[in-house]
Amino acid sequence: MSTGTSRPRPTPAPRPLRARAVPLHTGTRRPDHPLPWEELRARFGAVAPVEITPGVPGWLLLGYHENLDALRDFDRFAATPDRWTTAPQQPREEENGSAPAAEGERHHRMRAPVVEGLRAVGGRRLTETARTLATSLVDRFAPRGRADLVADYAVPLPAMVLNSLFGLDERYGDLLARLCAARDGEDPATAARATADLHRYTTALVARRRADPGDDLVSQLLRHPVGLTDAEAAAALDTLVRTGVAPTAHLVGNALRLLLTRPEIAAAHRCGALPCTDFLDYVMWVDPPLQTLQARCPTRDVRIGGVDIRKGEPLVLGFAPAHADPTVRRGRTLDDLAGNRAHLMWGAGPHRCPAQELASGIAVTAVDTVVDRLGPVLDDPPHSLRRHAPPAVHAPAALPVRFSAEPAPSAPEPPPSRAGRRPPPVRTGRPRARGARYGAPEAADEAPAPTAAVRRARVGAPAPRTAGVRYHVPARQERRPDPLEGLLARWT
């Protein structure tokens, strides 16, 4: 046994911040909140180390100003996936013409046709299209007295509106809605098949509009002076469908959920004290449909939120934690947040969402149409509502409601029968002239008799058969199959 004085134990070195990374992919969900944002903020501050997927580290931006800087400053933060050093392999969208993943001149080239095309089909045309299709969807389930406002309404409506703006009829709107629902479904094999067919849909649509342009969004893209190639136009439509359908459907779902579970909000909306546009701003503050988004990386070593981050390490934008940042959000009441458009759901800077008017127009029309017409009531207890599983998405998976059933629309009346009617009188008149089809009628008393020379000339050898195509029947050409019709048959 030693009798010497004991030496103090060395102080253990602090654990690297990376060693305390929080997995975003699993084990972070609580029943009452999608992710424990405030716990992460208390532990790490404005920036938290996370594991994006198993074995792939990254940084989650929790602070409002940190997210805003990453969205605005394209000198320090890039959006192109090829700059990410530790992220999982991502599709190189910028090679196919996708504006969200492009930078500089290429970003301007790919973004300008989308912005101007959406402006051309927006305004009153968008509102009337959305109202017509929302009414059509409500007509389908109104006689039942029950519906799932997610599957029957919120999910198909954005796809149907986009399809109509593309210049296609309602059959293809149902097709696009089915493809988008299958792509976001739980079956991986069906989702992969739907993703491939969605690209076939946009590619075939571009080919059809290139051959037969019209007054629609796709034709606007193809007519733009930058001269998009077919592949670039299809990639732009792919991005518009991917970023415009599901997020808008989730926004509508979250808005309807709040109206169905918060009587004070429903009362303010019903009496007109809460305009729907202001209400949607409140929804995006307190219940944003997109919680996080892996979308940026530093172009060089930077320090943000007190944390040193190396060049190329992926950043996860945290919209939900940024909206809950106590440095910018002083309250959570309706009066505090309704109409406050400082939220980040539309992005900021050069990559600000170009489809803001489209998404908000669809959402406002969707909410007002179904609430004003049916006055739905939630059919299940609020605590039993299921949410979508991915941590990045925060929206109800279903909204079962009941309401007073409307009478089924009556079938159109058949045309009146002609039985028993007196037949129309038979008109008699001068008999039709005989002779050549286009010849003038002959005068019976004045036509001279043909001479012998004329008779001999008529009896002569037959004239050679006229060459040319006047009486030629063209060979029947086989009709090339239409890829869009093939998709209809495959998904019907």
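Buried means under 20% relative accessible area, exposed over 50% and partly exposed in between, with a 1.4 Å probe and protein chains only. Helices (H or I, at least four residues) and strands (E, at least two) are DSSP runs numbered from the N terminus.

The model is predicted: local features need pLDDT of at least 70, side-chain atom pairs count only at pLDDT 80 or more, and totals for chains, interfaces and linings use all residues. Residues are numbered from 1 along each chain as its sequence is written, and side-chain values use heavy atoms, with hydrogens and water left out.

**Exercise 1. Describe the length and burial of helix H10 (residues 230-244).**

Step 1. The expected span of a helix is 1.5 Å times one less than its number of residues. Helix H10 has 15 residues and reaches 21 Å from its first C-alpha to its last, close to the expected 21 Å.

Step 2. Of the 15 residues of H10, 11 are buried, so the helix is largely enclosed by the rest of the structure. Among them are Glu 232, Asp 238, Thr 239 and Gly 244.

**Exercise 2. Determine how many disulfides the model has, and state whether Cys 180 and Cys 297 are buried or exposed.**

Step 1. A disulfide is a pair of cysteine sulfur atoms within 2.5 Å. The count by this rule is 0 disulfides.

Step 2. Cys 180 has 2% relative accessibility and therefore counts as buried. Cys 297 is buried as well, because its relative accessible area is 0%.

**Exercise 3. Count the aromatic pairs and classify Phe 141 with Tyr 153 and Phe 166 with Tyr 201.**

Step 1. Rings of Phe, Tyr and Trp (its six-membered ring) pair if their centres lie within 6.5 Å; planes under 30 degrees apart count as stacked, over 60 as edge-to-face and the rest as tilted. This gives 3 aromatic pairs.

Step 2. The ring centres of Phe 141 and Tyr 153 are 6.2 Å apart and the planes stand at 90°, so this pair is edge-to-face. Phe 141 belongs to helix H4 (residues 124-141) and Tyr 153 to helix H5 (residues 150-154), so the pair ties together parts 12 residues apart in sequence. Phe 141 is buried at 1% relative accessibility, and Tyr 153 is buried at 0%.

Step 3. For Phe 166 and Tyr 201, the centres are 6.5 Å apart and the planes are at 50°, so the pair is tilted. Phe 166 lies in the loop between helix H6 (156-165) and helix H7 (170-183), while Tyr 201 lies in helix H8 (residues 188-211), so the pair ties together parts 35 residues apart in sequence. Both Phe 166 and Tyr 201 are buried.

Step 4. Phe 141, Tyr 153 and Phe 403 form one aromatic cluster.

**Exercise 4. Place strand S9 (residues 315-318) among its partners.**

Step 1. Two strands pair if DSSP finds at least two bridges between them. Strand S3 (residues 56-61) runs parallel to S9 and is joined to it by 3 bridges; Leu 60 has Val 316 as its bridge partner.

Step 2. Strand S6 (residues 292-298) pairs with S9 in the antiparallel sense over 4 bridges. Here Leu 293 is partnered by Leu 317.

Step 3. S9 is covered on both faces: Leu 315 and Leu 317 on one side, and Val 316 and Gly 318 on the other, are all buried.

**Exercise 5. Give the strand order of the open sheet that contains S5, S10 and S11.**

Step 1. The order of the 3 strands is S5-S11-S10, with antiparallel pairing.

Step 2. Strand S5 (146-148) and strand S10 (377-378) are the edge strands, each pairing on one side only. S10 and strand S11 (residues 400-402) share 2 bridges, and Leu 378 stands opposite Val 401 in S11.
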